[in-house]
Amino acid sequence: MKYTLKSIFNLALVLISLSAFAQDKKKDTIIPTTERYGLRVGTDLYKIARSIYDSDYKGFEITGDYRLTQKIYIAGEVGNENKTTDEPQLNFTTKGTYFKAGFDYNIYKNWLDMENMITLGMRYGFSSFTQELNSYSIYNPHPYFDESDVINVSRKYSGLSAHWVEFVAGVKAQVFDNFFMGFTLRMNRLVSNKKPSDFDNLYIPGFNRTYDGDFGVGFNYTVSYFIPIYKKQNLPKTEDKDKGKKKE
Amino acid sequence: MKKIQNIITALFIALCFFGCEKDDICAGTTPTTPRLMIEFREKDNPAILKPVTDLKAEATGMTTAVVFNDGLASTDPKRYLTSANKIGLPLKITGGTVEYTLTQNSTNANPAIRNADKITFNYTTKEIYVSRACGYKTNFTLTDSPLQEPSSVDNSRWISNIVVETPNIETENEIHIKIYF
């Protein structure tokens, strides 16, 4: 049910984004435009919302990007998560902080002064965290004795860390002056993973759930504010080389 | 616009695919808590495996015997019988001692043929992490040779000799104990 709601929300956001893009068509000129460069900071709404409705989760994420060239943005995220995962055989709490840094490449060509984005990018992620095993079950395929296989412990594993690479695809739409909404979808791959000796990192802050192998997925819904720093004139495509750009 | 739509559709499908993933189920093929695997051999010819007729195994303190035929109803006495030359006995995952009564010809009405022997297994346990779906498993290490009830108590023992093949009980793919009779 949770996933269905998540999916419906996704679809709604996609449709909103599409309708925003659809309005572009009416304007059609080749007048050189000036484009704004600056810093955008935001937060992940999903983590905030989940912290409210899910008692087993507390988390937030600050996102940021800086427009470096016409299409390339330096981007990153910083966040903190505290999540208790309840599996049939295991119950554990993961706490930790993560950093991600990388770039986004805007593949969407805006009309006039629109600033919407469809981006592809990469991040390098790092997380430092602890795992606390709250309870676990002994898996016994041939139970015979009347004994409980659930063992309650409070076993804490500190000093754990993970490094990973993310492939990011996302959209951002300006909803009103300088305010953007967007979402990104991420495919993650672990580079290194410092595991506890007799347990595993089944959840890593920033990376999310780990699967067999090194893969993971993630997403965020962001609301962000753009702080303009300077403007640059964007000449028509054929002359759109570095020498054609001029600071205003 | 077409390109944008394709990309967004792809993202959406990918998100749904990952979002809808079912929780893992512990696969039966994953090695988890093993049973004590016992092989029966002929005492006069140790090379030959020997099946035990209508063997029943029950731990002291339990009211039912170990199930050997899963498919049968719990009221069917055959559910608790085997005539194999190899059996697996569950051990307590928390305790360090289990006493089993192994009864040969357990359905025979003649008490002279029906024969029950008691064996005590002493062991230590170790919990080992397996996976998200399976949680942990317990492995066992036999600390000494399984003890038979002394012949002064049971003067008609059917088991002649017990040999520990592997004291470390980590998998059901190997024999841990050989019983000669």
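A residue counts here as buried if 20 or more other C-beta atoms lie within 10 Å of its own, as exposed if 12 or fewer do, and as partly exposed in between, with C-beta atoms placed from the backbone. On that scale, 24% of the 181 residues of chain B are buried, and for the 248 residues of chain A the figure is 30%. The model is a predicted one, so local features need a pLDDT of at least 70 and side-chain atom pairs count only at pLDDT 80 or more, while totals for chains, interfaces and linings use all residues. Residues are numbered from 1 along each chain as its sequence is written, and chains are lettered from A and ligands numbered from 1 in the order in which they are written.

As for confidence, the predictor assigns the complex an ipTM of 0.78 and a pTM of 0.78. The average pLDDT (the predictor's confidence in each residue, from 0 to 100) is 86 in chain B, where 87% of the residues score at least 70.

Next, the secondary structure. Helices (H or I, at least four residues) and strands (E, at least two) are taken as DSSP runs, numbered from the N terminus. Chain A comes out with two helices and 11 strands. Its elements, read from the N terminus, go α-β-α-β-β-β-β-β-β-β-β-β-β. Chain B has one helix and 10 strands, in the order α-β-β-β-β-β-β-β-β-β-β from the N terminus on. Contacts (C-beta atoms, placed from the backbone, within 7 Å) were also sorted by sequence separation. Among those with a separation of 6 or more, residues 24 or more positions apart make up 63% in chain A and 58% in chain B.

In chain A, some strand pairs carry plenty of bridges; two strands pair if DSSP finds at least two bridges between them. Strand β4 (residues 90-106) of chain A runs antiparallel to β5 (residues 117-137) of chain A, and 17 bridges join them. Within this pair, Thr94(A) has Gln131(A) in β5(A) as its bridge partner. β5(A) also pairs with β6 (residues 150-176) of chain A, again in the antiparallel sense, over 19 bridges. Here Phe126(A) is matched with His163(A) in β6(A).

Chain B offers an open sheet of four strands with mixed pairing, in the order β3-β1-β10-β8. Its edges are β3 (86-89) and β8 (161-164) of chain B, each of which pairs on one side only. Neighbouring strands of this sheet are turned against each other by 25 degrees on average, direction ignored; the axes behind this value are lines fitted to C-alpha atoms, for helices over the stretch in contact, and angles run from 0 to 180 degrees between N-to-C directions. β8(B) and β10 (residues 177-180) of chain B are antiparallel and share four bridges, and Asn161(B) has Tyr180(B) in β10(B) as its bridge partner.

Then there are the nonpolar cores, each a set of buried Ala, Val, Leu, Ile, Met, Phe, Trp, Tyr and Cys residues joined through C-beta atoms within 7 Å. The largest has 25 residues, and Leu36(B), Ala57(B), Leu89(B) and Leu91(B) have the most contacts inside it. At least two residues of this core come from each of β1, β4, β5 (115-131) and β10 of chain B, with β1(B) giving the most, four residues. Neighbours within four places in sequence aside, Leu89(B) touches Arg35(B), Leu36(B), Ile38(B), Ala57(B), Val66(B) and Tyr100(B), going by the contact criterion. Apart from this core lies another, of 12 residues, including Met117(A), Ile118(A), Val171(A) and Phe219(A).

Two backbone oddities deserve a mention. Most residues other than glycine have a negative phi. Asn208(A), not a glycine, nevertheless has a positive phi of about 80 degrees. This residue, Asn208(A), sits in strand β9 (residues 208-209) of chain A and is partly exposed, because 17 other C-beta atoms lie within 10 Å. Asp54(B) is not a glycine either, yet has a positive phi of about 45 degrees. Asp54(B) belongs to the loop between β1 (36-41) and β2 (56-59) of chain B, and with 17 other C-beta atoms within 10 Å, Asp54(B) is partly exposed.

Finally, Gly95(B), in the loop between β3 and β4 (97-104) of chain B, has 11 C-beta neighbours inside 10 Å and so counts as exposed. From Gly95(B) to Ile162(B) is 67 residues in sequence and 22 Å in space, C-alpha to C-alpha.

Technical notes. Two residues are in contact if their C-beta atoms, placed from the backbone, lie within 7 Å.
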